[in-house]
Amino acid sequence: MSNIKDAILREVESWEGVTVSPHRFGGIDFQVKGREIGHLHGVTQADLPFTAKIRKQLIESGKASPHHIYPNSGWISYYIHSVEDVPLLLELLRMNYERLANKTVEVNSEKVVA
């Protein structure tokens, strides 16, 4: 499972302007421009903040689950069961990175202002 963490770190750290640090509740925090892209809890779960509209679309599409503690917030949780779950997690992290770095994101072929 440490391969999963290494693969995620290697990819996200390569994105321009991303900082990686310990998360305040444990795990690893990813930020761009001082805003959190998301964080890992070990190698089994990631949490990412989105707008309510994007969160709803991600949950309805089955790409994410409601946040494990704050299910009615803009946060989502993504559960990592195996290495096969890493590409979708990286897609979600990249989506949030683009949203926070550029202030826009594409969801279902529609540009949404963050």
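How many of the seven residues of strand E3 are buried? Select residues 35–41 to begin; five of them are buried, and the strand is mostly covered. The model on display is predicted.

**Stop 1: the strands on either side of E3**

Add strand E2, residues 28–32, to the selection. E2 and E3 run antiparallel and are joined by five bridges. To see one of these pairings, pick phenylalanine 30, whose bridge partner in E3 is glycine 38. Then move to the hairpin formed by E2 and E3, where two residues lie between the strands. Lysine 33 in this hairpin adopts a positive phi near 55°.

Next, select strand E4, residues 45–49. E4 is also antiparallel to E3, and three bridges join the two strands. Histidine 41 has glutamine 45 in E4 as its bridge partner. The hairpin of E3 and E4 has three residues between the strands, and glycine 42 in its turn shows a positive phi of about 65°.

**Stop 2: isoleucine 37 and the nonpolar core**

Remain on E3 and centre the view on isoleucine 37. Beyond its neighbours within four places in sequence, isoleucine 37 is in contact with ten residues to display in turn: Val18, Phe30, Gln31, Val32, Leu48, Pro49, Leu93, Asn96, Tyr97 and Leu100.

Isoleucine 37 also leads to the largest nonpolar core, which has 29 residues. Ile37 is among the residues with the most contacts inside this core, together with Ile8, Val12, Phe30, Leu48, Leu89 and Leu93. Colour the model by element to see where the core comes from: H1, E2, E3, E4, H2, strand E6 (75–79) and H3 each give two or more residues. The most is given by H3, with nine residues. In soluble globular proteins, nonpolar side chains tend to be buried together.

**Stop 3: helix H3 and the aromatic pair**

Select helix H3, residues 86–102, and show tyrosine 97 along with tryptophan 15. A search of the whole structure finds one aromatic pair. Its rings, those of tryptophan 15 and tyrosine 97, have centres 5.3 Å apart and planes at 40°, so the pair is classed as tilted. Because tryptophan 15 lies in the loop between helix H1 (2–13) and strand E1 (18–22) while tyrosine 97 belongs to H3, the pair ties together parts that are 82 residues apart in sequence. Tryptophan 15 and tyrosine 97 are both buried.

Now add arginine 94. Its charged end sits over the ring of tryptophan 15, at 4.9 Å from the ring centre.

While H3 is still selected, pick methionine 95, which has its place in this helix. Methionine 95 has a relative accessible area of 14% and is therefore buried, the limit being under 20%. A distance label between the C-alpha atoms of methionine 95 and phenylalanine 50 should read 9.6 Å, although these residues are 45 residues apart along the chain.

**Stop 4: arginine 55 in helix H2**

Finally, which helix holds arginine 55? Arginine 55 lies in helix H2, residues 52–60. With a relative accessible area of 15%, arginine 55 is buried. Display its contacts, leaving out residues up to four places away in sequence: Phe50, Pro66, Pro71, Asn72, Ser73, Gly74, Trp75 and Ile76. For proline 66, eleven residues away along the chain, the separation of C-alpha atoms from arginine 55 is 8.1 Å. For proline 71, look instead at the backbone oxygen, which lies 2.3 Å from a polar atom of the arginine 55 side chain.

How values were computed
Residues are numbered from 1 along each chain as its sequence is written. This is a predicted model: local features need pLDDT of at least 70, side-chain atom pairs count only at pLDDT 80 or more; totals for chains, interfaces and linings use all residues. Side-chain values use heavy atoms; hydrogens and water are left out. Rings of Phe, Tyr and Trp (its six-membered ring) pair if their centres lie within 6.5 Å; planes under 30 degrees apart count as stacked, over 60 as edge-to-face and the rest as tilted. Helices (H or I, at least four residues) and strands (E, at least two) are DSSP runs, numbered from the N terminus. Buried means under 20% relative accessible area, exposed over 50%, partly exposed in between (1.4 Å probe, protein chains only). A charge sits over a ring if NZ of Lys or CZ of Arg is within 6 Å of the ring centre and within 35 degrees of the ring normal. Contact means heavy atoms within 4.5 Å. A polar contact is a pair of N or O atoms within 3.5 Å; within protein, one must be able to donate a hydrogen and the other to accept it, and residues adjacent in sequence count only if both atoms are side-chain atoms. Two strands pair if DSSP finds at least two bridges between them. A nonpolar core is a set of buried Ala, Val, Leu, Ile, Met, Phe, Trp, Tyr and Cys residues joined through side-chain atoms within 4.5 Å.
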